[in-house]
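Okay, thanks for coming, everyone. I'd like to walk you through one structure today, so let me put it up on the screen.

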Amino acid sequence: IQVVLIGIPHHPWVNGYLEDGQLDGMNSTYAKYESIDGVTSLQMYWEEWPSESYSDRNHLDADGREFFCQRVTSVIDEIIKESM
């Protein structure tokens, strides 16, 4: 079974509210699972998406969801091609 580990992007304003080290658990978890055979990581949390991609601080709007789906689809398509 192939697994895609996805880190959802967050509104750029959110990071300003986080304390130092608050995301260390997420980062170490990604590092742990990325090293497992059959796991593909798509870590988008750290990407800078324009604030217009969000309907509020926590949710992507229609354009943001469409872009997200395009990114995820290309990763899944590549996994399927490699397994054939």
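I'll start with the overall layout and then visit a few residues one at a time.

One thing up front: this is a predicted model. Keep that in mind for everything I say.

So, the big picture. The secondary structure comes to two helices and two strands. If you read along the sequence, the pattern goes β-α-β-α. The C-alpha atoms fill a box of roughly 40 × 30 × 15 Å along the principal axes. The protein has 84 residues, and buried ones make up 25% of them. As for the accessible surface, that comes to about 6,000 Å², and 53% of that area belongs to carbon and sulfur atoms. And here's one about contacts: take those between residues at least 6 apart in sequence, and 70% of them join residues at least 24 apart.

Now the strands. How do β1 and β2 pair? They run in the parallel sense, with five bridges between them. To find one of these on your screen, look for V4, whose bridge partner in β2 is T40. Put α1 together with the two strands, and β1, α1 and β2 make a right-handed β-α-β unit. For orientation, β1 covers residues 3–7 and α1 covers 24–34, while β2 covers 39–43.

Let's step into the loop between β1 and α1, where you'll find H11. Is H11 buried or exposed? Its relative accessibility is 3%, and buried means under 20%, so H11 counts as buried. Who does H11 touch, once we skip residues up to four places away in sequence? The list is S51, Y54, D56 and R57.

R57 is worth a second look. Its charged end sits over the ring of Y17, 4.7 Å from the ring centre.

Next up, the loop between β2 and α2, with two serines to look at. S53 lies in this loop, and so does S55. With a relative accessible area of 12%, S53 is buried. S55, on the other hand, has a relative accessibility of 52%; the cut-off for exposed is over 50%, so S55 counts as exposed. Now their contacts, leaving aside neighbours within four places in sequence. S53 is in contact with L60, D61 and G64. For S55, the partners are L60 and D61.

How far does S55 sit from D24, going by C-alpha atoms? They are separated by 27 Å, and along the chain they are 31 residues apart. Here's another distance, this time for S53: its C-alpha atom and that of E66 are 9.6 Å apart, with their positions 13 residues apart along the chain. E66 lies in helix α2, and at 48% relative accessibility it counts as partly exposed.

Last topic: aromatic rings. How many aromatic pairs does the count come to? It comes to two. One is Y45 with W46: the ring centres are 4.9 Å apart and the planes sit at 80°, so this pair is edge-to-face. The cut-off there is planes over 60 degrees apart. Y45 counts as buried, at 4% relative accessibility, whereas W46 is partly exposed, with a relative accessible area of 45%.

The other is W49 with F67. Their ring centres are 4.8 Å apart and their planes are at 70°, so this one is edge-to-face too. This pair links distant parts of the chain, since W49 is in the loop between β2 and α2 and F67 is in helix α2, 18 residues apart. W49 counts as buried, at 5% relative accessibility, and F67 counts as partly exposed, at 36%.

So, to recap what I'd like you to take away. We have a β-α-β-α pattern, with a right-handed unit made by β1, α1 and β2. H11 is a buried residue in the loop between β1 and α1. And a pair of rings, W49 and F67, links the loop between β2 and α2 with helix α2. That's my tour, thanks for listening.

Methods:
Residues are numbered from 1 along each chain as its sequence is written. This is a predicted model: local features need pLDDT of at least 70, side-chain atom pairs count only at pLDDT 80 or more; totals for chains, interfaces and linings use all residues. Side-chain values use heavy atoms; hydrogens and water are left out. Helices (H or I, at least four residues) and strands (E, at least two) are DSSP runs, numbered from the N terminus. Buried means under 20% relative accessible area, exposed over 50%, partly exposed in between (1.4 Å probe, protein chains only). Contact means heavy atoms within 4.5 Å. Two strands pair if DSSP finds at least two bridges between them. A crossover is right-handed if, with the strands pointing away from the viewer, the path from the first strand over the helix to the second runs clockwise. Rings of Phe, Tyr and Trp (its six-membered ring) pair if their centres lie within 6.5 Å; planes under 30 degrees apart count as stacked, over 60 as edge-to-face and the rest as tilted. A charge sits over a ring if NZ of Lys or CZ of Arg is within 6 Å of the ring centre and within 35 degrees of the ring normal. Accessible areas come from the Shrake-Rupley method with a 1.4 Å probe; for residues, only the protein chains shown count as cover.
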